[in-house]
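Ready for a few hands-on exercises? Open the viewer, try each task yourself, and then walk through the solution below it.

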Amino acid sequence: MNVLVTGASGNVGSALVESLKLRPEVDAIVGVTRRVPDWHPDGVEWRPADITTDDLVPVFRGSDVVIHLAWAIQPARDPEGLWRTNVLGSQRVFEAAARAGVTSLVHASSVGAYSPAPPGTMVTESWPTHGVPQLGYSWQKAYVERLLDHFEAETGMPVARLRPALIFRRDVAHEIRRLFLGVVPTRMLGPWAGRAFEMLPARFQVLHSRDAADAFARAAATRATGAFNLAADPPLGSRRAPRWLAPVAHTVAAAAWRSHVSAAEPGWVDLALRAPLMDTTRARAELGWVPLRSAHVTLDELLDGLGHDARFPTPPLSSDGEADEPDRVGPTIDLTVEEQGSEALLGSRGDA
């Protein structure tokens, strides 16, 4: 089995290529990145390509499975650029996979694709995926799920949609700070700071990057289909946080965003407050997947990494500059999806 991974030098991608190397079913691994890293793991072929502009068919040709991880979070102040990268770029990946003769697809969706739920609600994969409209990341993840609905119906290609919680590990801390925290100081952070998360006015889930990678590798190796929730136990946050903390958190986040102190949109607070908790029974039963690291271990690892500015030697995970500007989309991009407008998203169904 030949496996190709888009976004292979990022948080999950760099862990995934290592997981794929351990799978006996995998004969060859191709990593697709905009910038080829200096990191050269054995058995991985790097192919430079931009999903928004390049002809992806020759890049994908010869692959049996495509795992689509590539996604942009920044610059959040350029929503049009993020739309072109995340939504239209994903559409180009799916179409190229079909034209290149790929036989199955694994897509990185997210807990952010789910519709809001009452606090503490635990949901299965049948919960509606309309996203949280206040956050571009969320509703774009939901929109791409609609693209997959049409893609599956039109091509019949087996598609797995993995919906992980927030994904962390120690050596992606530098990227997390750059993407979300901006100039917020993190050098004083350490594992002790994890206790503060127990006071957050919401319950949320996290997942270690290597446990996420294991799930993606299993889905590719088994040609899995359908949606799979991924999260580690236990959920973090407080069950009994005072109600006033939620509006205060949103106000602070909005002020930090407007003043350019923080790189994170205030909509991330809305997602944290409104996203459901995910039941991971299906992934455990059908993929044989069990996360090896608890939520507390994962969070402590990230906080320690933030305190030491830990980074991994690939361009997305070690860059000292601003978050990458999405490449401008040329005239070859199919704008059909963009022209559908938001009603297509808001009226869409959930996925089982």
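## Exercise 1: Trace the sheet

Task: Work out in which order the strands of the open sheet are arranged, and how they pair.

Solution. Keep in mind that this is a predicted model. Start by following the strands from one side to the other: the order is S3-S2-S1-S4-S5-S7-S11, which makes 7 strands with parallel pairing. Next, look at the ends, where strand S3 (44-48) and strand S11 (226-230) are the edge strands, each pairing on one side only. Then check the twist: on average, neighbouring strands are turned by 20 degrees against each other, direction ignored. Finally, zoom in on one edge. Strand S7 (residues 159-164) runs parallel to S11 and is joined to it by 5 bridges; in one of them, Ala-160 of S7 has Gly-226 in S11 as its bridge partner.

## Exercise 2: Place two helices on the strands

Task: Find which strands helix H3 and helix H4 lie across.

Solution. Take H3 (residues 79-99) to begin with: this helix lies across strand S4 (65-68) and strand S5 (104-108), at about 175 degrees to S4. Now move to H4 (residues 136-155), which lies across S5 and S7 and runs at about 165 degrees to S7. A side-chain contact adds to this picture: Arg-163 and Glu-145 form a salt bridge, with 2.9 Å from N to O. Arg-163 belongs to strand S7 and Glu-145 to helix H4, so the pair ties together parts that are 18 residues apart in sequence. The whole structure has 17 salt bridges.

## Exercise 3: Explore the cavity

Task: Determine which residues line the largest cavity, and of what class they are.

Solution. First, count: there is 1 cavity of 30 Å³ or more, and the largest cavity holds about 30 Å³ of space. Second, list the lining: Trp-71, Ala-72, Ile-73, Leu-82, Asn-86, Tyr-137, Gln-140 and Glu-265. Third, sort these residues by class, which gives 5 nonpolar, 2 polar and 1 charged. Last, ask where they come from: H3 and H4 each contribute at least two of the lining residues.

## Exercise 4: Spot the unusual backbone

Task: Locate the cis peptide bonds at Pro-75 and Pro-234, and the positive phi at His-260.

Solution. Begin in the loop between S4 and H3, where Pro-75 lies; the bond from Gln-74 to Pro-75 is cis, with omega near 0 degrees. Go on to the loop between S11 and strand S12 (236-237), home of Pro-234, whose cis bond with Asp-233 has an omega of about -5 degrees. To finish, visit the loop between helix H7 (245-258) and helix H8 (267-274) for His-260, a residue other than glycine with phi near 65 degrees.

Methods:
Residues are numbered from 1 along each chain as its sequence is written. This is a predicted model: local features need pLDDT of at least 70, side-chain atom pairs count only at pLDDT 80 or more; totals for chains, interfaces and linings use all residues. Side-chain values use heavy atoms; hydrogens and water are left out. Two strands pair if DSSP finds at least two bridges between them. Helices (H or I, at least four residues) and strands (E, at least two) are DSSP runs, numbered from the N terminus. Axes are lines fitted to C-alpha atoms, for helices over the stretch in contact, and angles run from 0 to 180 degrees between N-to-C directions. Contact means heavy atoms within 4.5 Å. On a 1 Å grid over the protein atoms alone, a cavity is a set of points where a 1.4 Å probe fits but cannot get out, and a pocket is an open set with protein on both sides within 12 Å along at least five of seven lines; lining residues have an atom within 4 Å of a point. Grid points are joined across faces, edges and corners, and a volume is the space filled by probe spheres set on the points. Ala, Val, Leu, Ile, Met, Phe, Trp, Tyr, Cys and Pro count as nonpolar, Asp, Glu, Lys and Arg as charged, and the others, Gly among them, as polar. A salt bridge is a side-chain nitrogen of Lys or Arg within 4 Å of a carboxyl oxygen of Asp or Glu.
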